[in-house]
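Q: I have a chain in front of me and do not know how to read its features. Where should I begin?

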Amino acid sequence: MIIRARTVVTMDSAPIENGAVAVSGNRIVDVGKFDEIKKRNAGEAIDLGEQALLPGLINAHCHLDYTCLRGKISPQKSFADWIRAINAEKAKLAAEDYVASINEGFAEAKRFGTTTIANLTAFPELVSQISPAIHTWWFAELIDVRSPERADELVDRTIESLKSVQNWGLAPHALFTASKDLYRRCGEIARRENVVLTTHLAESREETDMFRDASGPLYEFLKSIGRPMDDCGDKTPLEHFLRVRDSSTALRSARNDNDWLVAHLNELTEGDFDLLERSKERFHVVHSPRSHDYFKHSRFPFERLRTLGFNICLGTDSLASNENLSLFAEMRRFQRSEPGISPDEILDMVTVNPAMALHQQTTLGRIRPGFHADLIAIPCSKGRDVFDEIIGSDDPVAWMLLGGKQKYFWHC
Ligand SMILES: [Zn+2]
């Protein structure tokens, strides 16, 4: 099959005017000018007309468990209050509600042009009941705040329920809900199984108050539910994370920064930046612009992290703190905060950057021979910058090729 469009945005070189992509099975086999592609490849040609053809988008951080909580929790006074509020909502949900919520989330993400998602789930035991509508990296979200002595058992039991899944990873939830032993065990499994790890880090001011100063609403809340608080009072969350991650000798010697996709990093001190500069730590980072707004976190230090060489991706986070699963809306919100960043670099943050974070830089995020045939089309007109048009695209996408198969959403 040959797909022709007004512009083909490969993410490798300048957009190709009057371009085309040849696809065989679920893979891209050729890309270039339409005339050349026609000469080199046999098969039916589909002309998408005045459209830009680009790689399907990749959401680097999401919790589809909570798609059904859209609009249910208004912004709270404190982060600890928000955790109480979401826990109250979760108490009303049963397993079938979560399965429906996850399926609804997949359908919505896909309508907005997402073809790959890094999805954290607190219910890995439900994963076998779900057939994801798009490529999915399932990250089992792990919390042992009430039983830290059973961290190894929890991790080992969890990976059993992920056995049926092709792409998976582990997500020790955050330093305030996952023990040092849980992080250690996840690190050991990641080395053994060669999987990606993700975690929430330095998200809120209250997290910094808790770890550095042993004070604040999050500190008080977690103390009240019985979390041992002896790790609080002297380190920032980042210092704590680097130490926890390196806590086992085996991990230290075999460690690979590349294993970690770290969500948030809103709260970094000057000391943290000094530490990052000295240590040459370069894990992957995911920022969720609209969820960030909802919580009114401190400004995300994009420029400083980029200058240090971090690979920065965008994600939606969950609909408990966001209104929909559109990565186009995330790109637009990010652009408002960072007007100096070019639109093509912003598009990298939902294509090539998250592909690298998921260790898929040779299969996803670009239009290149050998890569997955996951493509989307966005209407574009002559005379306008194609990247501006892509970022400005608000509607659900009208056309998608997923695994080499065409989907027309205007028929749905
Ligand atoms: Zn999250």
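A: What follows goes from the whole chain to single residues. Keep in mind that this is a predicted model.

Q: How many helices and strands does the chain have?

A: The chain has 16 helices and 16 strands. Its radius of gyration is 21 Å, close to the 22 Å that the globule rule gives for 412 residues, so the chain is as compact as a globular protein of that length.

Q: What share of the residues counts as buried?

A: Of the 412 residues, 48% are buried.

Q: Which residues of helix α7 are buried?

A: In α7, residues 217-224, they are Pro217, Leu218 and Tyr219. The cover over these buried residues includes α2 (79-90) and α6 (205-213). Just after α7 comes glycine 226, with a positive phi of about 95°.

Q: What sign does phi usually have in residues other than glycine?

A: Most residues other than glycine have a negative phi. Methionine 11 is not a glycine, yet its phi is positive, about 75°. Alanine 202 also has a positive phi, near 50°.

Q: Where do methionine 11 and alanine 202 lie?

A: Methionine 11 is in the loop between β1 (2-8) and β2 (16-24). Alanine 202 is in the loop between β10 (197-201) and α6.

Q: Why does methionine 11 count as partly exposed, and is alanine 202 buried or exposed?

A: A residue is buried if 20 or more other C-beta atoms lie within 10 Å of its own, and exposed if 12 or fewer do. Methionine 11 has 18 C-beta neighbours inside 10 Å, so it counts as partly exposed. Alanine 202 has 26 other C-beta atoms within 10 Å, so it is buried.

How values were computed
Residues numbered from 1 in each chain as written. Predicted model: local features only at pLDDT ≥ 70, side-chain atom pairs only at ≥ 80, totals over all residues. Helix = DSSP H or I, 4+ residues; strand = E, 2+ residues; numbered from the N terminus. Rg over C-alpha atoms; globule rule 2.2 N^0.38 Å. Contact = placed C-beta atoms within 7 Å.
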